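Q: I would like a close look at one part of this protein, with its surroundings described residue by residue. Please take the aromatic side chains as the starting point and work outwards from there.

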Amino acid sequence: MNRKQLIEQIRQKRSFLCVGLDTDPKKMPQCVFDLHDPVFEFNKAIIDATAPYCVAYKPNLAFYEAFGLKGMESFVKTVKYLKEQHPHHLIIADAKRGDIGNTSKMYARTFFEEYDVDALTVAPYMGEDSVTPFLEYEGKWVVLLALTSNKGSQDLQLTEDTKGERLFEKVIRVSQQWGTEENMMYVVGATQGRMFEDIRRVAPRHFLLVPGVGAQGGSLEEVCKYGMNEDCGLLVNSSRGIIYASQDDHFAEIAGNKARELQQQMDELLKHQE
């Protein structure tokens, strides 16, 4: 999915919601455990219930890799199901890869050829040659970690150099020499609030993937006030607040209701931007 198609989906659905598939068997309802692949069946039910209200899905690879081959089979089936049944949704593999060039090249091949996802989160710490192999795939996105929502983000990301430039600002500024707004996004945590103003000074047109709304306490209104641009420019992720809204037999229906509530809020916020 290219930038134009993503913007069209946002405008058509009046939503910039990304549903995070952080699928943990310990939190899934009992009713799915009688099925052959409980993780996939849970994902499938969540996807079908939330698809009308979101434009993207973000499976977190740690929740699948933790169960070895069986877990990765569930991930592959989830991606395949999305591509076959909901082909207009962006699929972001949240894997946070990034290594020396040859290794990154193989990671890129894994996710963009073998799994055929649309986007991949990438860690920028090792610099240009660790990121550019992911940017060689036309129509695919690199989602670069910039300013994250976790408490430890201040340990390194907010440190300043002698000129007063913070590390996250340098990451965004320098990385724009590697990719463009057509193939690169940035992860910016919703809990960063007014820091979105600083992000937009460095990257006014790039899409931002924004985790941390909902269970982590980030404000959707604040994110939009300081981070939204003329194309929306945001993909706001909610995981636990949607997929674990209920653990009874009606879990999917309730997840769909939670997604719809967010979509309705997003519709109103988009109206303010227009």
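Which residues form one aromatic cluster?

A: In this predicted model, the aromatic cluster is formed by Tyr-64, Phe-75, Phe-111 and Tyr-115. Across the structure the count comes to seven aromatic pairs. One of them is made by Phe-42 and Tyr-244, whose rings are stacked, with 6.0 Å from centre to centre and 25° between the planes. This pair links distant parts of the chain, since Phe-42 belongs to helix H2 (residues 38–50) while Tyr-244 sits in the loop between helix H11 (240–243) and helix H12 (251–273), 202 residues apart. Phe-42 has a relative accessible area of 0% and is therefore buried, and Tyr-244, with a relative accessible area of 14%, is buried because that value is under 20%. Within the cluster, Tyr-64 and Phe-75 form an aromatic pair that is tilted, with centres 5.8 Å apart and 55° between the planes. Here too the pair links distant parts of the chain, with Tyr-64 in helix H3 (residues 62–65) and Phe-75 in helix H4 (residues 68–85), eleven residues apart. Tyr-64 and Phe-75 are both buried.

Helix H3 also takes part in a charged contact. Glu-65, in helix H3, is joined with Arg-97, in strand E3 (residues 90–97), across 32 residues of the chain, and their side chains meet in a salt bridge of 2.6 Å, N to O. The two partners differ in their cover: Arg-97, at 15% relative accessibility, counts as buried, whereas Glu-65, with a relative accessible area of 36%, is partly exposed.

On the other side of the cluster's membership, Tyr-115 is followed in the numbering by a residue with an unusual backbone angle. Most residues other than glycine have a negative phi. Asp-116, however, has a positive phi near 60° and is not a glycine. Asp-116 is found in the loop between helix H5 (101–114) and strand E4, and at 30% relative accessibility Asp-116 counts as partly exposed.

Strand E4 (119–122) leads on to a further loop, which lies between that strand and helix H6 (128–131) and holds Tyr-125. In contrast to the buried Tyr-64 and Phe-75, Tyr-125 counts as exposed, because its relative accessibility is 76% and exposed means over 50%. Tyr-125 joins Ile-100 and Met-126 in making a nonpolar surface patch of about 390 Å².

The loop between helix H6 and strand E5 (141–147) contains Gly-139, which is partly exposed, with a relative accessible area of 36%. Not counting residues up to four places away in sequence, Gly-139 touches Met-1 and Asp-118. The C-alpha atoms of Gly-139 and Thr-121 are separated by 15 Å, the two residues being 18 apart along the chain.

Turning to the interior, the largest nonpolar core has 90 residues, and those touching the most other members are Phe-16, Val-19, Leu-144, Tyr-186, Leu-234, Leu-235 and Val-236. Helix H12 contributes the largest share of this core, eight residues. Leaving aside neighbours within four places in sequence, Val-236 is in contact with Phe-16, Leu-17, Cys-18, Val-210, Val-213, Leu-220, Val-223 and Met-266. The loop between helix H10 (220–227) and strand E8 (234–238) holds Cys-232, another residue that is not a glycine yet has a positive phi, of about 80°. Cys-232 counts as buried, at 1% relative accessibility.

Lastly, the charged contacts extend well beyond helix H3, for 18 salt bridges are found in the whole structure. The side chain of Arg-166 meets that of Glu-169 at 2.8 Å, N to O, and that of Asp-198 at 3.1 Å, N to O. The pair of Asp-198 and Arg-166 links distant parts of the chain, with Asp-198 in helix H9 (residues 195–202) and Arg-166 in the loop between helix H7 (153–156) and helix H8 (167–175), 32 residues apart. These three charged residues are buried, with relative accessible areas of 16% for Arg-166, 12% for Glu-169 and 11% for Asp-198. In addition, a network of salt bridges links Arg-3, Arg-11, Glu-181, Arg-205, Glu-230 and Asp-231.

Technical notes: Residues numbered from 1 in each chain as written. Predicted model: local features only at pLDDT ≥ 70, side-chain atom pairs only at ≥ 80, totals over all residues. Heavy atoms only, no water. Patch = residues over 30% accessible without salt bridge, like charges linked within 9 Å, V, L, I, M, F, W, Y side chains within 5 Å. Areas by Shrake-Rupley, 256 points an atom, 1.4 Å probe, with all protein chains shown as cover. Salt bridge = Lys/Arg side-chain N within 4 Å of Asp/Glu carboxyl O. Helix = DSSP H or I, 4+ residues; strand = E, 2+ residues; numbered from the N terminus. Buried < 20%, exposed > 50% of the residue type's maximum accessible area, 1.4 Å probe, protein only. Phe/Tyr/Trp six-rings, centres within 6.5 Å; stacked < 30°, edge-to-face > 60°. Core = buried A, V, L, I, M, F, W, Y, C linked by side-chain atoms within 4.5 Å. Contact = heavy atoms within 4.5 Å.
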